[in-house]
Amino acid sequence: MAESLPRVTLVLGGARSGKSAHAEALVESRPGPCLYLATAEAGDGEMAERIAAHRARRGTRWRTLEEPLDLAGALSEGVGSDGAVLVDCLTLWLSNLLAAGRDPAEETRHLLKALPGVEVPVVFVSNEVGLGIVPMNALARRFRDEAGRLNQAVAAAADRVVFVAAGLPLVLKPSAAHR
Amino acid sequence: MAESLPRVTLVLGGARSGKSAHAEALVESRPGPCLYLATAEAGDGEMAERIAAHRARRGTRWRTLEEPLDLAGALSEGVGSDGAVLVDCLTLWLSNLLAAGRDPAEETRHLLKALPGVEVPVVFVSNEVGLGIVPMNALARRFRDEAGRLNQAVAAAADRVVFVAAGLPLVLKPSAAHR
Amino acid sequence: MAESLPRVTLVLGGARSGKSAHAEALVESRPGPCLYLATAEAGDGEMAERIAAHRARRGTRWRTLEEPLDLAGALSEGVGSDGAVLVDCLTLWLSNLLAAGRDPAEETRHLLKALPGVEVPVVFVSNEVGLGIVPMNALARRFRDEAGRLNQAVAAAADRVVFVAAGLPLVLKPSAAHR
């Protein structure tokens with residue numbers, strides 16, 4: 001945490017791996033305001049509960065912005081020139097894109113094109129979902145494939161990629177300063 | 001294996017990853033008796049088969065204790081002052097807790113509180129189950145969440161955490177002596 | 001990539017993790033012809049699509065050999081004395097073996113016995129499938145167990161094992177020259 005935050009970080013991990021808490025700590029390691037860019041909407045009960053738990057854990061330094069689809073726009077217009085941003089999470093964003101009939105490959109290109117214009121460090125959180133048995137239905141297989149492609153694309157654009165398991169970070173791609 | 005075994009080790013891995021064999025080798029690296037603290041009971045056929053295979057692999061230095069629920073009690077009372085203990089595995093323990101209507105968070109606190117009183121090194125085996133696609137039924141989602149929380153809590157209390165894939169260990173948290 | 005390719009490499013990863021692209025780059029790092037030993041057959045539409053995408057990505061240096069079952073035979077007879085071989089992938093091979101009623105343990109022994117006779121470096125690609133929630137049906141559980149055993153056996157025989165996540169390689173077993 002003592003090290004400086006690069007422009008783009010990807011924090012990858014499984015369900016309840018501690019990836020969001022790790023990403024939050026990274027963003028809080030920067031001086032200035034912390035923006036929580038949530039791709040979730042408090043639609044159903046289970047999700048509302050999770051969002052409330054996240055909110056309770058984060059302190060008063062945080063401002064929240066909900067954006068289920070247009071991450072490129074939110075990053076271009078909703079972010080100041082101070083502090084850092086947490087995007088939580090890309091997997092849910094993908095799920096929202098597919099539900100809305102958008103093309104994930106095109107939306108990913110938009111997102112990556114918007115990154116150089118963001119004035120503060122961005123930390124993306126994403127789920128690794130491809131390490132279980134092959135899902136039985138074609139839709140779940142497609143989601144798994146798209147999630148893998150999205151993670152690869154963001155990892156390629158990121159300065160630093162960390163995998164979190166049981167709350168412990170494992171560096172997959174060190175930022176240039178620490179190579 | 002040449003290195004000394006710390007007080008608490010967590011060996012995390014997938015199904016058939018070689019995590020139990022790795023954990024057994026850690027426990028056997030200590031002089032003295034080896035205690036196999038099994039959270040499984042030889043209930044159904046599939047499980048009985050797995051237990052028999054485990055038993056066949058382990059040598060005569062091993063004593064077995066079956067405890068599906070009260071791990072804190074078994075560690076406090078059933079363990080001597082010599083050798084080491086293997087707890088295999090936490091994921092099945094969680095499954096037993098949920099089936100018995102117990103609160104996993106409270107039981108985890110009991111377990112962690114009992115650890116400082118254990119006189120010999122303890123090696124926990126646990127499954128990582130959160131890296132596949134989101135399960136379709138709510139019960140499986142809850143199990144996945146609880147398993148992730150349990151792994152995080154034990155990893156935080158452990159001196160050393162190892163992830164095993166294809167029989168190969170990857171250190172997630174090095175013990176202080178090797179940092 | 002600048003480092004030399006050992007006799008046997010295992011590239012392990014999840015769905016759409018970039019493992020095949022990584023393995024292809026390893027094989028292409030060798031001078032001489034590249035053999036793509038495919039365990040898939042272009043049976044149904046989804047698979048034909050995937051094979052076509054693979055083919056398009058690979059260049060003209062590549063020759064393709066389809067062998068769904070007899071990998072030991074293909075490696076013994078179909079490989080020259082120049083270049084390197086990519087076996088993509090072991091998980092599908094296992095699936096083919098089970099569908100054909102073959103014994104995976106015996107077939108794995110055949111495969112490993114054939115390896116010392118292969119004159120060029122071999123790179124195996126395999127899926128890690130054991131890190132999700134326990135599958136509900138017994139067949140999927142059996143597949144998961146067999147896949148884990150196969151990965152352990154090939155990893156033990158390999159000189160180098162790499163885990164790929166989000167396109168990024170993580171060395172699980174370094175080849176002797178880089179230890």
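A salt bridge here is a side-chain nitrogen of Lys or Arg within 4 Å of a carboxyl oxygen of Asp or Glu. With that in hand, here are some close-up views of this predicted model.

**View 1. A:E146 and A:R142 pair along helix α6 of chain A.** The closest N and O atoms of A:E146 and A:R142 are 3.3 Å apart, and the two residues form a salt bridge. Both belong to helix α6 of chain A, residues 138-157, and because they are 4 residues apart, about one helical turn separates them. Look at the surroundings of each partner too: A:E146 is buried, with a relative accessible area of 13%, whereas A:R142 is partly exposed at 41%. In the whole structure, over all chains, a search finds 12 salt bridges.

**View 2. In chain B, we look at B:E146 with B:R149.** This salt bridge has its closest N and O atoms 3.7 Å apart. Again the setting is helix α6 (residues 138-157), here of chain B, where B:E146 and B:R149 lie 3 residues apart and are therefore separated by about one helical turn. B:E146 is buried, with 13% relative accessibility. Its partner B:R149 is partly exposed, with a value of 41%.

**View 3. C:R149 meets C:E146 in chain C, and a network appears in chain A.** The side chains of C:R149 and C:E146 form a salt bridge, with 3.7 Å from N to O. They are 3 residues apart in helix α6 (residues 138-157) of chain C, so about one helical turn lies between them. C:E146 has a relative accessibility of 12% and is buried, while C:R149, at 43%, is partly exposed. Turning to chain A, salt bridges with shared partners link A:R142, A:E146 and A:R149 into one network.

**View 4. Chain B packs against chain A.** How many residues of chain B are in contact with chain A? There are 19 of them, and they touch 24 residues of chain A. Between them, the two chains bury about 1700 Å², and 65% of that area is on carbon and sulfur atoms. Three residues to pick out are B:L131, B:I133 and B:L172, which supply 39% of the area that chain B buries against chain A, more than any other three residues.

**View 5. A salt bridge joins B:D145 to A:R16.** The count between chain B and chain A is 1 salt bridge. For B:D145 and A:R16, the closest N and O atoms are 3.4 Å apart. Chain B and chain A also have 6 residue pairs in polar contact, both residues being at pLDDT 80 or more. On the side of chain B that touches chain A, α6 and β7 (168-173) of chain B each supply at least two residues. The largest share, 8 residues, comes from α6(B). Sorted by class, this side of chain B has 9 nonpolar, 5 polar and 5 charged residues.

**View 6. Chain A meets chain C.** Here 19 residues of chain A are in contact with 24 residues of chain C. The area buried between chain A and chain C is about 1700 Å², with 65% of it from carbon and sulfur atoms. Of the area that chain A buries against chain C, 39% is supplied by A:L131, A:I133 and A:L172, more than any other three residues. The count between chain A and chain C is 1 salt bridge. The side chains of C:R16 and A:D145 meet in a salt bridge, with 3.4 Å from N to O. The residue pairs in polar contact between chain A and chain C number 6, both residues at pLDDT 80 or more. α6 and β7 (168-173) of chain A are the elements that give two or more residues to the side of chain A that touches chain C. Of these, α6(A) gives the most, with 8 residues.

**View 7. The chains are related by rotation.** A rotation of 120°, with 0.0 Å of shift along its axis, superposes chain A on chain C with an RMSD of 0.0 Å. That is the relation of a three-fold axis. Which residue of chain A comes closest to the rotation axis? It is A:G132, whose C-alpha is at 2.4 Å. Chain B can likewise be laid on chain A by a turn of 120° and a shift of 0.0 Å along the axis, with an RMSD of 0.0 Å. Of the residues of chain B, B:G132 comes closest to the rotation axis, at 2.4 Å (C-alpha).

Conventions:
Residues numbered from 1 in each chain as written. Chains lettered and ligands numbered in written order. Predicted model: local features only at pLDDT ≥ 70, side-chain atom pairs only at ≥ 80, totals over all residues. Heavy atoms only, no water. Buried < 20%, exposed > 50% of the residue type's maximum accessible area, 1.4 Å probe, protein only. Contact = heavy atoms within 4.5 Å. Buried area = accessible area lost by both parts, 1.4 Å probe. Polar contact = N/O pair within 3.5 Å; in protein donor to acceptor, adjacent residues only side chain to side chain. Nonpolar A, V, L, I, M, F, W, Y, C, P; charged D, E, K, R; others polar. Least-squares fit on C-alpha atoms with pLDDT ≥ 70 in both.
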